[in-house]
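Q: Could we go through this model together? I would like to begin with the interface and then turn to confidence and the cysteines.

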Amino acid sequence: MKKFAGTFLYITALSMAIAASPTLSVLEWQKDELVPWPVEYNLTKAGNIHRNNVSISLTKTQVKQINEWRVVVENKDSKPARLCFRLSMPCGDAGGVFWDGFQIKTGVVKTVSPKTERYIFPAVAYVNEGVISGAGYAPMTISSRFERSCQVNAGKVTLNFDSYMALDQGQKDEIYFIDYKCNGASDYTELVEQVYLSYPEWFRPAAGADQRIYGVGGYFFSSENNREYQMEEARRYGFDWEWYYNCYQKAGNFYPKQELWEDAKGYKSEAGSLRGKCDRPGTIKDWRDYNKTRIDAGNKNAAMFYYYLQQYCSSELLKGPYADAIWQNSEGKAPGPVFGWADEGNAQYAWPLHSKLGNDMREQLAMLWRDFPIAGFALDCALGHTKYYGPLLKNETGKAFDDHGRIYATEGTALAYNLDFTRNLPAKADGRKPASVINEFYTWLPMFHADGGIHEMSPFDRADLLAPRRLIAGQKPYYFWKGFRAADTLLKWNDLTVAETREGITGIIDYTLLSSLRFGIIPAVFYLTGFADIKALNPVLKTMLKAGWRAAGNVSIDGRKDPADPFALNEDIWISRYGNADESYIVLSAPDIKGMSGKAIIHTGKFGASGAIYADINGKPIINEVNTNETVINFELKNREPLILGKIAVLNPAGKNNMIEASCSVEIPGRPQTARFRFMHQPVAGTEIIKDGWPRKSSTENEVIFEKAQCFKFIPNDGFVADIVFGDNKKIDAAIAVDPEYREKNPDTVKHLEIYYDYYISRIARPLPRLADMTPYWNKKIQLPVLVPDSKELKNIKLVFILGEKAQKILMPDANYQDAILCIKNDRQLLIGFFPGKNISEYGLVMQLLERMDEKYPFIGGINAQWAPKAKLSGKVFKK
Amino acid sequence: MKTVILAVGLLTLCGFTSAEPQDKVTLVSENLIKNPDFSKGNDFPDDWSMMLTSPDVFNVKWIHDANNGNYIYLESLGADYSGYIMQKVKVKKGVWYRLKVCLNHSMGRGLIWLYGYDGDNKPLLFDHRKYLSSFVGNPLVPHFVRKELMNGSEDASWRDEIFDFQNSDDKGNIQPSILRVAVGIYFTNAKIMIKSIEMWEIKKMGSKEK
């Protein structure tokens, strides 16, 4: 160690003599320690290094503001090589802030060498007096180990980022380093933001991913006996994707093999899935047919992500065909079997990369993708950090070695490989390519190769992990799981008064809302059933998530120093940013109910939004002070209400100190939307407000109004929705008029209307049961009869929905519309017809009407938690 | 005999001075737990074992600290898992016992759990629990939820948790001859440090039991 330390200091002194440029040094494991090579490379240009039969080539690429170094290493020796590549960045004076990829340390005056393994973004940064230096991995690197430190020597700081690589004889491998330096940085998020900007494809779902991945997820949503109601329930809840526990699970066998199948045991129905038991005898074909029906039904509303576990395999299979894959830890032992809930038997850790298990798994995943209309895969236990020390390592790259020189690869390298494999499967006929949602990653590799991730906890559990995990996930969708049942033991439910209960629940909801907005994390469906405020948040959250959560907020508060860690849990103002130049959102909130007021300086020049004018998404006017590189907004936050600002126009030229009051009406489907801009003083000649895609409605010297036409209309207006009355809870006076041919081609359009009222009445009577348990309670007597258009019965029915052209011609012969929902009201009847056009289909129009009708016939489930009865909220809806 | 009485007296005194407010008791045995302070062992404390539903989501460390002595550090990284340190102890039927756990609980939910077995180590219907809850570091406090409304403790210092129980059953079930004493984390992200676990047979003050 002493010899190593002495040599290390020598190299450091040499680095600093060369001054600003980073250096690359190589250390090699010899006997029982890392010994540095005498060679050191000054990272200013590409080149090659050779020593001890190891060849290293270095190639530089400028990726926007990031310097990228591709390091290709070949071991031509007859024995394994164990190397550590150290990227060192001189950073100047000590006393600044060190971010180690996970946590920060301020006022650094002595060396910091963190030894954490989890939740670490693969990069480090040092910020001092506005200068940021950063080093790390480019996201395409596959590596089992990196270490990092902030070294302080004689008052000067050097960042070290160490990449550990082990190569067998004849092996070649590569890593990609990055380095970055700039002035004018507030904090470490500037480095992460630059990584996002330089490698955007790594931080978004892959091209072709089902876009419903950005929405509300859940599991155990299906109901075999209630498929049509499943469709309606998904619509009501705004349910977008399912973590799909499929009907057959044998750890290590992903698409059933005949030799492992038992007809007498068969597969799981939905009820069986809940218990983890096969309860439906049948053949593999039966399983395939059942699975397909179930996935088809779910896919109507929700993207179905097919559940599997890569690195667990049945103990029987590991004694048989997959014996090569059995896991080995650092002591050469296999971790003991666990009884898996998904598989009725014992399973163990197994190596799923280049093994017989891995090869078969990939083949079977391809078969699943081929045979079922799934949106991709749901990977559980994607921890990523467990170390494999077994004999299959010789086939792998991305290997590292531990502090005893023992070679290993993390399961993250295998997860990454297999996630890439499924991403590259061919597109379906509808253009979708497989995406993967992973659950509970502990390390960066799985998340960099996945398309979405779950925080399998409530927002108040491990809140210290929200920011680190979000930074790793980038712009990918990220979800809160579990729901408010996690609050079962949180409050003293039995001892609280009604007012205190309400106060406590309001606080929990506010925290969930503000955390969701701060980190772009979308609550799963369990959060919104019975909680109106959570449901109300989802549309805007989804919109912002698609725009993309950003690491660097680029918002300062006038008169306050920018914090060293903008995501610290104890910050008194929470700021987040979504989107960049064309589509930009800023969210401000204050956790203290007393609130806060001030001036927010949005540094628009930093994210390509120069001249941006912002408005409150709730329609309230906001005064913007627009300058070339910043827009300033006065804000007043209170009662834990967030202020969500959306960029609605650009001032051109942006100029200086232009005061503009801006507002944009809330988008209501079926109504035009108006954006209003009022100059608070005479603008400079030639200054104009640009709002792409919105026609100008009016313009005076000081005011401009833009109006966007609605994509469909209610004719004569949407007032008739209030007159829609189906009947009572025992009988109805309503029907659907449609010709049989249309009905056959558009069954779901008809079905939605047919069951709408039955669903509503039956569900408000029983808000808590699972859909599957509602079978005895539906009431077919209050389902709408479906009649042919020339049926004589129609004349006597008060409310008639008319679908399809043939029915329109008979019942609304004078109507000639497009993109419209028409209502004809006479003494006896309310006739409603749907006229599709270039903007919207008939199905889309029916969905729009149902959404309006939901305001009169609301149902979003009821609160179902252990604490709910004590709070007298069981089955009820809570609204703040 | 005098030495024993003196020792029991001293133990009783310690029990009174260090325990949470409880019924007054007399300790009538020595401590029944082996290696109660985790001071003995090589890689792991002798006489103890870990029960973890999923080892990968737990950090378990045996700490030897100059200031705090020996203790077990137990951390769960996932919300769906439980993990306990445990030991089996022979017990007498019908008597009262006091379990004292010196711990530091700084996050999530914990559990002190007693589970009964017969003489052949078969599990019985004997399951006594004391749940622990900590809101230390909970982000809801203070701005979103006042601490007065929160369940559990905000005390992240070392403290004694006392659990008195009787090894009896009023439903006609077999009383255990062996108890599994387990202390740990109950299905949340949690952090608990355990310095000692002790158990004595006790006599409650005012009790007419012999």
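**Interface, confidence and cysteines**

Q: How much area is buried between chain B and chain A?
A: In this predicted model, about 2500 Å² is buried between chain B and chain A, and carbon and sulfur atoms give 54% of that area.

Q: Which residues of chain B lose the most area to chain A?
A: They are D56(B), F144(B) and L149(B), which together account for 27% of what the chain B side buries.

Q: And how many residues are in contact?
A: On the chain B side there are 23, and they are in contact with 33 residues of chain A.

Q: How many salt bridges does the rule find across that interface?
A: The rule finds 2 salt bridges between chain B and chain A. E503(A) forms a salt bridge with R146(B), with 2.7 Å between the closest N and O atoms.

Q: What is the make-up of the chain B side by class?
A: The side of chain B that touches chain A has 10 nonpolar, 7 polar and 6 charged residues.

Q: How many residue pairs are in polar contact there?
A: Across the interface of chain B and chain A, 8 residue pairs are in polar contact, with both residues at pLDDT 80 or more.

Q: Changing topic: what are the confidence scores?
A: The model has an ipTM of 0.91 and a pTM of 0.91. The average pLDDT of chain A is 93, and 97% of its residues score at least 70. For chain B the average is 85, with 87% of the residues at 70 or above.

Q: Where does pLDDT stay under 50 in chain A?
A: That applies to residues 1–19 of chain A, a stretch with 26 contacts beyond four places in sequence in the model. Where pLDDT is low, one should not read the predicted coordinates in detail.

Q: Now the cysteines: how many disulfides are there over all chains?
A: The count is 0 over all chains by this rule.

Q: Why is C711(A) without a bond?
A: The closest cysteine sulfur, in C664(A), is 15 Å from the sulfur of C711(A), so it is too far for a bond.

Q: Is C711(A) buried or exposed?
A: C711(A) has a relative accessible area of 37% and is therefore partly exposed. C278(A) also counts as partly exposed, because its relative accessibility is 22%.

Note on methods:
Residues numbered from 1 in each chain as written. Chains lettered and ligands numbered in written order. Predicted model: local features only at pLDDT ≥ 70, side-chain atom pairs only at ≥ 80, totals over all residues. Heavy atoms only, no water. pLDDT = per-residue confidence, 0-100. Contact = heavy atoms within 4.5 Å. Buried area = accessible area lost by both parts, 1.4 Å probe. Salt bridge = Lys/Arg side-chain N within 4 Å of Asp/Glu carboxyl O. Polar contact = N/O pair within 3.5 Å; in protein donor to acceptor, adjacent residues only side chain to side chain. Nonpolar A, V, L, I, M, F, W, Y, C, P; charged D, E, K, R; others polar. Disulfide = S-S within 2.5 Å. Buried < 20%, exposed > 50% of the residue type's maximum accessible area, 1.4 Å probe, protein only.
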